[in-house]
Amino acid sequence: MLDSASKTFFHLIARSQTLKKLASRYGMRKPSSFARRFIAGETVAEAIEAARAVEARGMSVTLDLLGESVTSLAKADAATRDYVAVVEAMIASGIGRNISLKLTQLGLDLDRVTTLDNFRRILEPATTHGFFVRIDMENSPYTEVTLDVFETLWGLGYRNLGVVLQSALHRTEADLTRVLALGARVRLVKGAYKEPASVAYQRKADVDAAYLRLMEALLRSDTFPALATHDPEIIDRAKSFVAHEGIAKDRFEFQMLYGVRRDLQASLVAEGYGVRVYIPFGGQWFPYFMRRLGERPANVSFVLRSLLREN
Ligand SMILES: Cc1cc2nc3c(=O)[nH]c(=O)nc-3n(C[C@H](O)[C@H](O)[C@H](O)COP(=O)(O)OP(=O)(O)OC[C@H]3O[C@@H](n4cnc5c(N)ncnc54)[C@H](O)[C@@H]3O)c2cc1C
C-alpha cells in the first residue's frame, strides 16, 4: 500500500480538470492507450469482450460501470438507466451475472430515497435474472449510510446482495459483526481512499494486521467471502489458514482488479482457487484510474511512457 503522502497527492491531482481533460483525450484512444491497462473500455461491448477473455482464463467476473458522486438527480437517473442496459447486455451476452456499483453514482449525495428507488430499478431485473449485486464501499463519510441502504434492501428481502468492508477503518470490526449477523456476503478490501487518523489506520502494517483478523473471521463464518487483494503475503496467509481449518477452496473466492497482477490471478486459478476479476468500464473512468495510480507510483512511469508514445 502506498504511503499516506503520495496517496494524498494522487487524490489531489484526481480533482484537476486540466489533467482530467488531457487524460480523457489520450487515455482510451487506442487499444494501447494507458488507461486501458486498468479499464476495459468505454462501452459495455468492450467490457463484455474483456469479460469473455477473463472467463476463458478460468476466472469469473464482476462488471462495474464506472461513475460516482453524481451532481444532479437527472444524472443519477441516467446512470440508473445505463446500469439497467448493462444488465440486459450481460444477459444477452451469456457472461457471468455479477455487477458492482457505487451508491453515489445513483444519487446518494442528493437524496437517499431516490437512491434506494434507483437501486431497486437495477435490482429488480438483476434479481429476476440471477445476478449478484455488490455495493462498492466509498470513503468513510459514506460507510454508515451505505450499510444502512444495504440493510434496508436486505430487510426488503433481497439476498443477491453484498457489501464491501475496508480493513483500514477502525469501525470495521464492529461492522463485520453487524453484517455477519445477517449472514450476508462481504468483500474484504484494505480501502482505496485517503482517510484521516481519527477513523483509519495510517500504517500499512496496521491495515494488513486488521485485514488478517477480519479475513479469518470471515472465512470461519462460511458466508462465501471475497478476499479482494493483490497482496501476496495476505494471499499466502489465506491459503495456509483455509488449509489448516479445513475450509474447502469453493467456500470463498479471491478477487482482483482488471489489469493488476495478472500473473498472480493465473497462478491462483492453476492452484484451484476461485478468482473473480473486477472489470471497470465506461466514460467516467478518471477517478478510478487515479486511485489505481495512487496505489502504486510505479504505474505513473508506465502512464508517462505511454503518453510520450501517443504524441
Ligand atoms: C475486486 C476489488 C474490489 C475493490 N473494491 C473496493 C471498494 O469497494 N472500496 C474500496 O475502498 N476499495 C476497493 N478495492 C481497492 C482496495 O481497497 C485497495 O485499494 C487495492 O486493492 C490495493 O490494495 P491491495 O490489497 O492490493 O494491497 P497493497 O498493499 O496496496 O498492494 C499489494 C501489492 O499488490 C500490487 N498492487 C496493488 N495495487 C496495484 C496497482 N494499482 N497496480 C499494480 N499493482 C498493484 C503490488 O504488487 C503491491 O505490492 C477493491 C479491490 C479489489 C481487488
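These exercises work through salt bridges and one helix pair in a predicted model. Local features need pLDDT of at least 70, side-chain atom pairs count only at pLDDT 80 or more, and totals for chains, interfaces and linings use all residues. Residues are numbered from 1 along each chain as its sequence is written, and side-chain values use heavy atoms, with hydrogens and water left out.

**Exercise 1.** Find the salt-bridge partners of Arg178 and place them in the chain.

Solution.
- Step 1: apply the criterion. A salt bridge is a side-chain nitrogen of Lys or Arg within 4 Å of a carboxyl oxygen of Asp or Glu. The whole structure holds 27 salt bridges.
- Step 2: take Asp148. Its side chain pairs with that of Arg178 at 3.3 Å, N to O. Arg178 sits in helix H7 (residues 172–182) and Asp148 in helix H6 (residues 143–155), 30 residues apart. Helices are DSSP runs (H or I, at least four residues), and strands are too (E, at least two), numbered from the N terminus.
- Step 3: take Glu151. Arg178 and Glu151 form a salt bridge at 2.7 Å, N to O. Glu151 is also in helix H6, 27 residues from Arg178.
- Step 4: widen the view. Arg112, Glu144, Asp148, Glu151, Arg171, Asp175 and Arg178 are linked in a salt-bridge network.

**Exercise 2.** Is Asp231 buried or exposed, and which parts does its salt bridge with Lys204 tie together?

Solution.
- Step 1: check the pair. The side chains of Asp231 and Lys204 meet in a salt bridge of 3.3 Å, N to O.
- Step 2: locate both ends. Asp231 lies in the loop between strand S6 (226–228) and helix H9 (232–245), and Lys204 lies in helix H8 (residues 204–221), so the bridge ties together parts 27 residues apart in sequence.
- Step 3: classify. Buried means under 20% relative accessible area, exposed over 50%, partly exposed in between (1.4 Å probe, protein chains only). Asp231 has 11% relative accessibility, so this residue is buried. Lys204 is at 35%, so Lys204 is partly exposed.

**Exercise 3.** Describe how helix H4 packs against helix H5.

Solution.
- Step 1: read the geometry. The axes of H4 (residues 73–93) and H5 (residues 112–128) come within 9 Å and cross at roughly 10°. Axes are lines fitted to C-alpha atoms, for helices over the stretch in contact; angles run from 0 to 180 degrees between N-to-C directions.
- Step 2: name the arrangement. H4 is roughly parallel to H5. Angles under 35 degrees count as roughly parallel.
- Step 3: list contacts (heavy atoms within 4.5 Å). Among them are Leu73, Tyr83 and Val87 of H4, and Ile122 and Pro125 of H5.

Conventions
Parallel < 35°, antiparallel > 145°, perpendicular 65-115°, else oblique.
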